[in-house]
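Good morning, and thank you for making time for this presentation. I would ask you to keep the sequence and the structure in view while I speak.

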Amino acid sequence: MNNDISNNDQENKPPVFKSWKGWYALLIIVLAVLVFLFYLLTNTYS
Amino acid sequence: MSALDWIILIGTLLAIVIYGVWKTRGAKNLEGYLKGDNQDKWWGIGISIMATQASAITFLSTPGQAYMDGMGFVQFYFGLPIAMIILSVTFIPIYYKLKVFTAYEFLETRFDLKTRSLASILFLVQRGLAAGITIYAPAIILSTLLDWNLFATNIFIGLLVIIYTVSGGTKAVTQTQKQQMAVMMGGMVLAGIMVISMLPKEISLNDAFHVAGKMGKLEVVDFDFDLNNRYTFWSGITAALFLFMSYFGTDQSQVQRYLSGKSLSESRLGLIMNGLLKVPMQFVILLIGVMVFVFYQFNEPPMFFNKVESEKVIESEYYEEYADLQENYSTLFEEKQLELFKMVDAINQENEVLVNQLKSNVESLQNQSDQIREDVKVLVKLVDEGAETNDKDYVFMTFVMDNLPIGMIGLLFAVMFSAAMSSTASELNALSSTTTIDLYKRSIKKKESDRHYLRSSKLFTLMWGLLAILFATYASLFENLIQAVNLLGSLFYGTILGIFLVAFYFKYVKGHAVFVAAILAEICVIGIHYLNANEIAPVWLKMSYLWYNVVGCILVILFGYLFQLMMKKNPSLKE
């Protein structure tokens, strides 16, 4: 089943990035940036 | 409401329903009805996923929650982007590979029929009850605000949803959710802009943030690790992660949204879109609530936001007590307003000592105002013992009705009804799919024509819709029902997620072991909840309900592995 899924991944190339890992990294980076901004907001105005 | 508001409200809702029915008429087969012929693009899937999760209570309660408790609730969504990654890597490729209609179909391929049936029945019970509450919870608030009959409001929401969901199935749900989401986000953003523009001229946006921050409403992140504190950074990225994995990965009302995608890539991108937009969206809704709070620091708020209940007090024998409280409340408000203007000046002059002194004065006056609100709640209870004294859900729409111009009020009510309709439609669609595919077609009528199953799906959608209205109608008879049904998700999601995680990652564990493990884990979770609900749990078992998702999931994996090990050593246990 794992091989089939890998093949499926090959057939389903993502847009913009070379692999889906690029999109996943983007999600994590955006989350980290948001948490950092929220932290700044908390500290600036509290 | 004015005639223009009524035209906007009724016109918006009817236009969406009529367009949805017309655009998706004539589903020819089961695949088209339940999976929308796999025609959805990533942005349609993303919108559909977000619209399904955003119920009317999201838009009614969230600003009120920020008004009362601040922005901390946004941390609940920190686990969502991580859940989207795990689902994109693990769950969706397998669903696509097996070409399933429902998530539970996969469980029979991996385990056996009884595990599939157990998971689908758990889903039907939990989601069937929740569908009633999705209608009832906003109906009780909207009927109060609009002075409508509660039963009529339930029927109004339920019937509108039934019309297009029965007619067009998944295609109609996805199609209408695009328009509903546009109404929801457009209306909320406009309301946000209006509340900021209605602040006093002397108060800039930066000043508004300072006022909110000094009054404890801008504490967005909390890094303290406390199992009993529901909203912290840690509970968001751990406990809520499990909840979101279960909700988006195993709840058919969400799985059906991305299974209608054109390809695996489109479905993945739809989930990624949800992961990118959900946290900012919740932040904006909470921020609108905080801005409403700041608005009411410079414009006197009602003592109690549910005006129907406060009117009852005014008309009762407690009128004089109420009038005295109102007088004190107004005096305190004026004093607080003066101190706030001074505090804003001190902040702009960067006079820290004076800011702290004025902040302390403002807090003291706020505490006195809060005490008066508590006294009003006592009067509300004295007049009507069954009255709900938590007025958080009425804050935002009371602000809308009292302060926004004609036209905006109708639009904001359209936002609330659209949100109720979009989540109910997904639920009915998913309940029908699971009933048809996992029970009716699999175990009751196995060899009928595609046309027969298409007709059955429509009938099951109608049946679940009528049941949801019926349940919503009788929901008020049961005390604490909303809380009970909200809990229901966390009681079952952990176990269901555990079954799926064992299926994906623990190849060693087979069907019989995971079935027994799931039942035992569920008993343990219910036992833990019983101990916590009755406040007799030992310290190490004390937890908020979010953590039931983690406990249920881990127990299924642990028990499943142990039972499989025992079965290998003692094959007679398999019997």
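Let me begin with a definition: a residue is called buried if 20 or more other C-beta atoms lie within 10 Å of its own, and exposed if 12 or fewer do. Please also bear in mind that this is a predicted model. By that criterion, 17% of the 46 residues in chain A are buried.

I shall stay with chain A for a moment. Its secondary structure consists of two helices and zero strands. Where do the buried residues of H2(A) sit? They are Trp20(A), Trp23(A), Tyr24(A), Leu31(A), Leu34(A), Val35(A), Phe38(A) and Tyr45(A). The cover over these buried residues of H2(A) includes three helices of chain B, namely H5 (79-98), H9 and H13 (264-298).

The geometry of H2(A) can be checked by a short calculation. The helix has 26 residues, and at 1.5 Å a residue they should span 38 Å. The C-alpha atoms at its two ends are 38 Å apart, so expectation and model agree.

One residue of the chain A backbone deserves a remark. In general, most residues other than glycine have a negative phi. Val16(A), however, is not a glycine and has a positive phi of about 70°. This residue belongs to the loop between H1 and H2 of chain A. Is Val16(A) buried or exposed? It counts as exposed, because it has 8 C-beta neighbours inside 10 Å.

I now turn to the interface between the chains. Here 19 residues of chain A are in contact with 25 residues of chain B. On the chain A side, the elements that contribute two or more residues are helix H1 (2-11) and helix H2 (20-45). Which of them gives the most? That is H2(A), with 13 residues. Sorted by class, the side of chain A that touches chain B has 14 nonpolar residues, four polar ones and one charged residue.

Next, the organisation of chain B. The domain assignment divides this chain into domain 1 (3-22 + 41-296 + 402-476) and domain 2 (307-388). Taken over C-alpha atoms, the centres of the two domains of chain B are separated by 34 Å. Eight residues of domain 1 are in contact with nine residues of domain 2. Helix H9 (residues 205-214) of chain B supplies the largest share of the domain 1 side, with four residues. The composition of that side is three nonpolar, two polar and three charged residues.

Within chain B, consider the packing of helix H14 (residues 307-314) against helix H16 (residues 352-383). The angle between these two helices is about 75°, and their axes are 9 Å apart. H14(B) is therefore roughly perpendicular to H16(B). The residues that meet are Glu309(B), Lys312(B) and Val313(B) from H14(B), and Leu379(B), Val380(B) and Val383(B) from H16(B). By class, this contact has four nonpolar, no polar and two charged residues.

The loop between helix H15 (319-348) and H16 of chain B contains Glu350(B). Glu350(B) has a positive phi of about 55° and is not a glycine. It is exposed, since 8 other C-beta atoms lie within 10 Å.

Finally, I would draw attention to helix H8 (residues 150-197) of chain B, where Phe156(B) is placed. Phe156(B) is buried, because 20 other C-beta atoms lie within 10 Å. Its C-alpha atom is separated by 9.5 Å from that of Ile469(B), although the two residues are 313 residues apart along the chain.

Gly158(B) lies in helix H8 of chain B as well, and it is buried, with 28 other C-beta atoms within 10 Å. Which residues does Gly158(B) touch, leaving aside those up to four places away in sequence? They are Ile135(B), Gly465(B), Ala468(B), Ile469(B) and Ala472(B). The C-alpha atoms of Gly158(B) and Leu467(B) are 9.8 Å apart in space, while 309 residues separate the pair in sequence.

My last residue, Ala191(B), is also found in helix H8 of chain B. With 25 C-beta neighbours inside 10 Å, Ala191(B) counts as buried. Beyond residues up to four places away in sequence, Ala191(B) touches Ile288(B), Val400(B), Leu404(B) and Leu412(B). Of these, Val400(B) is 209 residues from Ala191(B) in sequence and 8.0 Å from it in space, C-alpha to C-alpha.

Definitions and conventions. Residues numbered from 1 in each chain as written. Chains lettered and ligands numbered in written order. Predicted model: local features only at pLDDT ≥ 70, side-chain atom pairs only at ≥ 80, totals over all residues. Contact = placed C-beta atoms within 7 Å. Nonpolar A, V, L, I, M, F, W, Y, C, P; charged D, E, K, R; others polar. Domains from an automatic or database assignment. Expected span 1.5 Å × (residues − 1). Axes fitted to C-alpha atoms, helices over the stretch in contact; angles between N-to-C directions. Parallel < 35°, antiparallel > 145°, perpendicular 65-115°, else oblique.
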